[in-house]
Amino acid sequence: MVSPVSAPKKTFAERWTYLRPYLWEHRVPIFWGWIFVVVSTALDQVSPWMVKVILDSLQSGSAMPKIMQCLAVIVAVTLVSAILLFYQRLWVIQASRQMEYSLRKDLFAGLMVQPKAFFDRQTVGDLMSRSTNDLDRIRDMIGPVVLHLARMGCLLIFTAVCIFLLHPKLLLTGLLPSLVMPIAANIFLKKMYAHFGGIQKNLSALNAYVQDTLSGMQVVKGFGRSQPFEEKFRGASEELRKSSLRVALFNASIWPAIGVLGVIGVAFSAWYGGRMVIQNQITLGTLSAAILYLLRLQFPLIGLGWVASMVQRANVSIDRLIHLKDSFLAPVHRASPPPSSTSTTPEFESLSVRSLGFSYDGKTPVLDGISFSLERGGSLGIVGPTGCGKTTLLHLLCGLYPPPPHSLNLNGRERADVSDEDWRQHFSYAPQDGFLFSTTIRENILFGGDEKPPMTVEQVADWAGLSRDLPQFPNGYESMLGEKGINLSGGQRQRVGLSRALLSPAPVLCLDDTLSALDAETEEVVLENLRRLFRQRCLIIAAHRYSAVMHCDRILYLDRGRIVEQGTHEELLRLNGAYAAVWEKQRLSESLETV
Ligand SMILES: Nc1ncnc2c1ncn2[C@@H]1O[C@H](COP(=O)(O)OP(=O)(O)OP(=O)(O)O)[C@@H](O)[C@H]1O
Ligand SMILES: [Mg+2]
């Protein structure tokens, strides 16, 4: 399995292209949030200036009313700034949540239209990790992180302007040590990207492992193999712990050092400014205001470390999502718009398969030169040894994998000329071990579809032979199923899957060994129902037990992906080949069972 657990690093432009539509969608609250950042940061610069005015007034012996006025200004701007701070947070955080919602919605919608071949190459744990953790990180960056960064940028500019207005030399001494920061940050950010890439990769691997193990818990317990699984889990957790610790150590040692640079700037200014006060070049008020401005930069400067690490985390996550999006497969064809749910039952006249070949990996052929055709009211049986390609053929017919050009034709239209949705409307598929959801039996049969009399849940369950088992369920069709229908027998699971397929109005029903867990008598009753129901439609049955296909109009015997024998049941028996040999064995073992 090829899982895109780690993703190649993307450029800023690629990340911007990915996020731009979402940022644009929420531009109004983001714009106002940022405007408020600018205004509130500008207002924050007023207080130190007022301190300068107060100190200068005290030194020149001015009257108390001026000092009181300054104090009133300080209180007023602080209040207004606090209100703006509230709104800027509210709007930007809300916008980031909305963006997260839009990103997640689009990601899920993208996954939903992916063909089966895409999911063959992914692990559920990794996809889960991308649709939760990675999106959380992007949201954090667009919300609090960018807010902090914007505030920091405004603060730096406004502080620089204010100190420059106080005295240009104070600006130089105060901010000089901070000038090395961009160089240092550039080196550290590169390292940090690698560290966070490691964390996300290990987290995805751990998620995939936990998901796999919990899904297969029945097998794990059945074989009494908890111990090796626990050890493997410990190994994966250990990897995650190590990579997280590496980042923690990096953060703990580097970023406080950057904060120290700011303090050196303050000390340098105090020393240099003190000398200027002694030489009467500036007032004590001017020096005090400059020191206040520089001290106000300290907390945001230390917070830059947090900002940098959050940005790098988010960058890794954006890269992973872009990589996932890039690995999406194109649908087989989307020529026409998807049919609406109110569309009428699709018509079926004929299905023609011509020299169909297929390979999962592009190297090993799984199907080769398959040709047959089916008319309305016809039935087809597919048999052959295990691994001969029965399921693959059904998957291709149902549109789950893209077939080679000109190999499939439905109602006279080539596969490439029919949209995926339209094609799939013609087929319902009942797999050998259909996936059941942990909801009621009724919901599992309905599967989001509608009941249209006479096609009710009760009726299709009756045709599928499920109703006879109903007394075993405490609440009938409303009985809740455990995860993957754990509280049903294999045969019951198959019949819930068959009922689901029967409820669909699709004209072609494909059964993939769906009746294998039924006893011979129930199988015969269900098959009789199906033959009656599909008299005007079409039935394709892949099976190991030949009793399921013997009444079909035509039977294909596959071996290693090729049709080696075909005909009616009688014709194949007369041929006396592979089909006849297996039939004879099955007949013998059945008669031995009845004895
Ligand atoms: N998703 C997949 N990716 C790669 N190879 C696959 C995949 N599914 C099936 N195969 C391979 O394709 C071949 C045909 O498999 P398929 O499931 O079609 O056989 P089958 O006739 O249905 O077998 P069975 O009777 O056991 O159900 C097998 O060799 C199998 O290993
Ligand atoms: Mg199969």
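Here a colleague asks a modeller about the terms used for this predicted model.

Modeller: Before we start, this model is predicted, with local features needing pLDDT of at least 70 and side-chain atom pairs counting only at pLDDT 80 or more, while totals for chains, interfaces and linings use all residues. Residues are numbered from 1 along each chain as its sequence is written, chains are lettered from A and ligands numbered from 1 in the order in which they are written, and side-chain values use heavy atoms, without hydrogens and water.

Colleague: Happy with that! What makes His544 a polar contact of ligand 1?

Modeller: A polar contact is a pair of N or O atoms within 3.5 Å. A polar side-chain atom of His544 lies 2.7 Å from an oxygen atom of the ligand, so this pair counts. The protein buries 60% of the 640 Å² that ligand 1 exposes when taken alone, with areas from the Shrake-Rupley method and a 1.4 Å probe.

Colleague: How do you know that Tyr360 makes a polar contact too?

Modeller: One of its polar side-chain atoms is 3.4 Å from a nitrogen atom of ligand 1, so the pair falls within the limit of 3.5 Å. For Gly389, a polar backbone atom is 3.0 Å from an oxygen atom of ligand 1.

Colleague: Which residues are around ligand 1, and what puts them there?

Modeller: Among them are Asp120, Val366, Lys390 and Tyr401; each has a heavy atom within 4 Å of the ligand, so it counts as near. Helix 12 (residues 390–397) gives the largest share of this shell, three residues; a helix is a DSSP run of H or I with at least four residues, and a strand is a run of E with at least two, both numbered from the N terminus.

Colleague: Why are strand 2 and strand 5 called edge strands?

Modeller: Four strands form an open antiparallel sheet in the order 2-1-4-5. Strand 2 (367–375) and strand 5 (413–414) each pair on one side only.

Colleague: And how do you know that strand 4 pairs with strand 5?

Modeller: Pairing takes at least two bridges found by DSSP. Strand 4 (residues 408–410) and strand 5 have two, in the antiparallel sense, so they pair. Leu410 has Arg413 in strand 5 as its bridge partner.

Colleague: Last one: what makes the lining of the second largest pocket 13 nonpolar, three polar and three charged?

Modeller: Ala, Val, Leu, Ile, Met, Phe, Trp, Tyr, Cys and Pro count as nonpolar, Asp, Glu, Lys and Arg as charged, and the others, Gly among them, as polar. Helix 1 gives the largest share of that lining, five residues.

Methods. Polar contact = N/O pair within 3.5 Å; in protein donor to acceptor, adjacent residues only side chain to side chain.
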